[in-house]
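Grab the model and work through these short exercises on rings and helices. Each one comes with a solution.

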Amino acid sequence: MLWYSVLMWVFGVVRVFGFHHQNNVCPTLEDYKTIFHNSNCRYNPDVGSSPKFIAKRYGYPLQSHEVVTEDGYILTLHRISGSRNPENSKKKQPVLVFHGLGGSSAFWMLQGKKSLAFFLGDSGYDVWLGNWRGNYYSNRHVTLAEDSAKYWNFGFHEMAIYDLPACIDFVANRTGEKGNLIYVGHSMGTTISYIYSTVKRKHAEDNVKAIISLAPVAYMKNVMGAFRLLAPLAPLVADILRSKGFNAIGQYYKVQRTILVATCGNYPFIDLCNILLIFSSGLSVEQFQAEMIPVFFSYYPSGISLRTLEHFAQIVTSNGRFRMFDYGLRGNLEHYNSTDPPEYDTSQIPVPIHLFVGNNDIIGDVKDASILESRLNKGRSVSTSQIYKFPFAHNDFFLAKQLDGFHKSLLQAIQR
C-alpha cells in the first residue's frame, strides 16, 4: 500500500535522526519526565530489536526455521540449541515455548540474560521458540496475501489443530526426540495447548511428555479488567473494523511499533501505556519494572486476528464455557450439526499439565485455574495436573523483576 510505504519512510527518518541511541528506558515512571538528560535512564538496544540481534548480544546461538502448516501458513521457529555453559551442552531434551495473545518469540528474551529462553538454554535444554500465525515473524502464506480477509480468517482453534502439530512434528524430526518434548505456553499459548491435546489427543499422547501452562486461560468465568468490560462489545467492534478493511489488531506491525516506541517510552504517554497494561493484565507492585514498558510495547501487539478476539469474548460472555467458536444458529448447524458449539472436553487430555498461576492475574484468574485443574483430574485415580502459585500478574512470567523462584519451579516441573 502507498500510504504504508510513505509512513514507513517518515517513521524511519524520525527513528534514525531523532531517537537513535538516545535514552529509551528509565528505572521509574517519574524519570521518564526527563528521559533524554536523566542520568538514571539509559539506552537499551533490545527495544524493538530482532530475536537474532538479542540472542547474539548475549552470546547465544540462534537459528531460524520455517514450518509450513497443512493449511499453508508459513511459521517461524527460533531455536537456541547451545549454551554458554559447556557442561550443559550434552543435554538435548527439546522445550517448545509459545507466546500468548499478540506476542512473539521475542517475549522470552526481553530481560536479557535472565530471560526464560536463555535460562533454559543455560540449563542445557534445546529451546525452540514458536510464533503463531499472523504475528510479525509468521506473517506469510503459501498462496494468500497477508492483507487479505481470507488470510486472517482464523482463530486460536486453527492454531491448535494446524500450527502446534506442525511445529511439534518439525521439532521431533529435527531432534529425533519424539515423545520427549516439553511444551511451555503462556496465556493463549495455554488455550491452544488444551484444544490441541483434546482435539488431537493421539498426536499429543505420542509426541508431548508434559505441558507447562503459564497464566492458563480456558474457563474464563472470573476474568476481570479490559476483557470483562469489552467482551460484550466484541462482535460490534469486529464488524466495524472489518467494514473499514481491518482484519486484525497489529496487522501493520512496523508502523505500529514505531508509534508505540515513540509514545510508550516518553512522558506523559508512558503513564497511559502503563494503565492500559494494568487494566488488561493486572499488577503485582513488587514485580513492576518501569524500564520494561517501552521494551514490551516495542513488540506488542503483533497480529491478533479479529476471529481470535471474538472467540475469547464468547468464552467470557458465556459464563466461562470453554467451547468452539460460535457461528450463530445457522452457522453452528453447518459447522457442528448442532445449534450450540461443542465444548472442549479437557478431562480427556492425555498429557500431564502443570498450571503456573499468578495471584494478581486478572485474565488467568486463580479460581478459573482451579476449575481447569478439577476438569483435568476428573475421573483419574492419580492427579495429572497441579497448580503452582506465584505473586505475579498475567505478563509477569516474562516481565517480572524476580524470576528466580519461577524458573526453579519450572525446572522442577520439567524434570518430573
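**Exercise 1.** Work out whether Tyr219 and Phe322 are buried or exposed, then classify their ring pair.

*Solution.* Start with burial: Tyr219 is buried and so is Phe322 (buried is under 20% relative accessible area, exposed over 50%, partly exposed in between, with a 1.4 Å probe and protein chains only). This is a predicted model, where local features need pLDDT of at least 70, side-chain atom pairs count only at pLDDT 80 or more, and totals for chains, interfaces and linings use all residues. Residues are numbered from 1 along each chain as its sequence is written, and side-chain values use heavy atoms, leaving out hydrogens and water.

Next, the geometry: the ring centres of Tyr219 and Phe322 are 5.6 Å apart with planes at 70°, so the pair is edge-to-face (Phe, Tyr and Trp rings, the six-membered one for Trp, pair with centres within 6.5 Å; planes under 30 degrees apart are stacked, over 60 edge-to-face, the rest tilted).

**Exercise 2.** Do the same for Tyr73 and Phe154, then find the charge over Tyr73.

*Solution.* Centres 5.5 Å apart and planes at 80° make Tyr73 and Phe154 edge-to-face. Tyr73 has 4% relative accessibility, so it's buried; Phe154, at 1%, is buried too. Finally, the charged end of Arg133 sits over the Tyr73 ring, 3.9 Å from its centre (the cut-offs: NZ of Lys or CZ of Arg within 6 Å of the ring centre and within 35 degrees of the ring normal).

**Exercise 3.** Which residues form one aromatic cluster?

*Solution.* Pick out Phe107, Trp108, Phe296, Phe297, Tyr300 and Phe398.
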